[in-house]
Amino acid sequence: MTAQFDLIIRGGICVLPWGEAQTDVGVRHGRIAALGVPASATAAQTLDARGLHVLPGLIDPHVHLRDPGDASIESIPTGTKAAVLGGLTAVFDMPNTSPAIIDAATVAWKQDYIERSAWCDMGFYVGATKTNAPALAGLETARGVCAVKVFAGSSTGDLMVEDDASLERVMRNGRRRIAYHSEDEYRLQARKPLFKRGDAHVNHMAWRDEECAFLGTRRILALARASGRPAHILHVSTAEELAYVQDFRDLCSIEVLLNHLTQVAPDVYDRLQGFGVMNPPIRGQRHMDAAWAAIRDGIVDTIGSDHAPHPRAAKLKPWPDCPAGLTGVQTLVPVMLDHVNAGRLSLGHMVDLMSAGPARIYGAVGKGRIAAGYDADFTLVDLKHTRTITNDWIVTPCGWTPFDGLTVTGWPVGTIIRGAMVMRDGEVLGAPGGKLVAFRA
Ligand SMILES: [Zn+2]
């Protein structure tokens, strides 16, 4: 008799769209075939998940894998290996590489390269520039493209669309949701002379102050309202923006970063100096409290890591020469599980923010829930496992994490992608088999 399933996951507590339930999951041909599999069912492989929670595959919708770039810092093979070790089944990668992903040729290169080298499934962003607006409507529906990304304020790389006329031109070409780095470039430049080389790292948040972010978001949402083009504001970092966006929920969705929920000024700058510098900056307690309130109120749609590796030597330079950006793809799930254990949100809410949320906001097909017909992507977690995050666990070649020394409770112990076990108990298995995520056009 041939087996009825390729894989059965037995005895785990599944986080289903309608709540938690202890149920067995049957997988066939890389997809979920049945929930509540009878004990008599046979499978080529059976996984004992007793004592574990089975989550739909968790997604990090905001990573910078720096490829093409410098592979001694990070690359798609190493960054996606970090992702599966950290319990992620898919990542969405940013376009500010060198060269940047901004036209048909670079998009075609990235499609091919991902399917040869990634350990997890991937979507990727196309960068908007001041000149490629007419091509964006075509590029945003290319295979694997999760969204157009607009850098309205400067960060790593030279992709910048900062003026209203150019922003509006981008919004009027295409129709899918656009993802924004929202800091007002004019205010950033105007405030730069107020600071000098060697000032304390805490000045990062004084330079890129609340009004830089809030002004950027007000301008983008006014243009989004005028053009009718949906907006996803990435890494919202201020209490002011989180209150303001509530009047734009018909066309605006929100990402909050793990760092803004976990680290707080001035402590982060005192302890980590350059290794706490990112954009938008980590701010004071008032903003962290507002971010958690926004999660409780259901304002936040997705959580990202904004994994953005830089070499150690660069981060040791005096401020503001130390580049902004922190590693995070490997630590996103463990630190979020620790927040669950600390009672800051439920496991179901975490799944909504890290699986269902990204699938809904970006229109990912077959991702985001445990349900028959969906991809058999699972993150297996042990909610009771306590472990200390250390730099030597990090497989991103730059080799450091801002969470070095942090002890967390809750740990990803298995990563299953389209039915294949890719990580089990801290060991990466098999060969890179990542595919491009499909998105609704
Ligand atoms: Zn980013």
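**Contacts and overall build**

I began with contacts that are separated by 6 or more positions in this predicted model, and I found that 75% of them in the chain join residues 24 or more positions apart. I then looked up the secondary structure, and the chain holds 14 helices and 19 strands.

For the dimensions I took the C-alpha trace, which spans about 75 × 45 × 40 Å along its principal axes. I compared the radius of gyration of the chain, 21 Å, with the value near 22 Å that a compact globule of 441 residues would have, and I note that the two agree. Burial was the last of the overall entries: of the 441 residues, 55% count as buried.

**Helices α4 and α7**

Next I turned to one pair of helices, α4 (residues 164-171) and α7 (residues 210-227), whose axes come within 10 Å and cross at roughly 45°. Because of that angle, I entered α4 as oblique to α7. The crossing of α4 and α7 is right-handed.

I also wrote down which residues meet in this pair: Asp164, Leu167, Glu168 and Met171 on the α4 side, and Arg219, Ile220, Leu223, Ala224 and Ser227 on the α7 side. Sorted by class, the contact of α4 with α7 comprises five nonpolar residues, three charged residues and one polar residue.

**Valine 422 and its surroundings**

I looked up valine 422 and found its place in strand β18, which covers residues 420-424. Is valine 422 buried or exposed? I counted 26 other C-beta atoms within 10 Å of valine 422, and since 20 or more is the cut-off for burial, valine 422 is buried.

Setting aside neighbours within four places in sequence, I listed the contacts of valine 422 as Val84, Trp119, Thr415, Ile416, Ile417, Val428, Leu429 and Gly430. I also checked valine 422 against leucine 436, which is 14 residues away in sequence, and the C-alpha to C-alpha distance between them is 16 Å.

**Positive phi on either side of β18**

I then read the loops that border β18, beginning with the one between β17 (407-417) and β18, where arginine 418 lies. Arginine 418 has a phi near 45°, which is a positive value in a residue other than glycine. With 19 other C-beta atoms within 10 Å, arginine 418 is partly exposed, because burial would need 20 or more.

The loop between β18 and β19 (427-428) holds aspartate 425, and there I noted another positive phi, of about 50°, although aspartate 425 is not a glycine. Aspartate 425 counts as exposed, since I find 9 C-beta neighbours inside 10 Å and the cut-off for that class is 12 or fewer.

**Cis peptide bonds**

My final look-up was the peptide geometry before two prolines. The bond from aspartate 67 to proline 68 is cis, with omega near 10°, and I placed proline 68 in the loop between β8 (58-63) and α1 (76-85).

Alanine 265 and proline 266 are also joined by a cis peptide bond, for which I recorded an omega of about 5°. Proline 266 sits in the loop that runs between α9 (258-262) and α10 (267-272).

Technical notes. Residues numbered from 1 in each chain as written. Predicted model: local features only at pLDDT ≥ 70, side-chain atom pairs only at ≥ 80, totals over all residues. Axes fitted to C-alpha atoms, helices over the stretch in contact; angles between N-to-C directions. Helix = DSSP H or I, 4+ residues; strand = E, 2+ residues; numbered from the N terminus. Parallel < 35°, antiparallel > 145°, perpendicular 65-115°, else oblique. Left-handed = near helix turned anticlockwise from the far one by under 90°. Contact = placed C-beta atoms within 7 Å. Nonpolar A, V, L, I, M, F, W, Y, C, P; charged D, E, K, R; others polar. Rg over C-alpha atoms; globule rule 2.2 N^0.38 Å.
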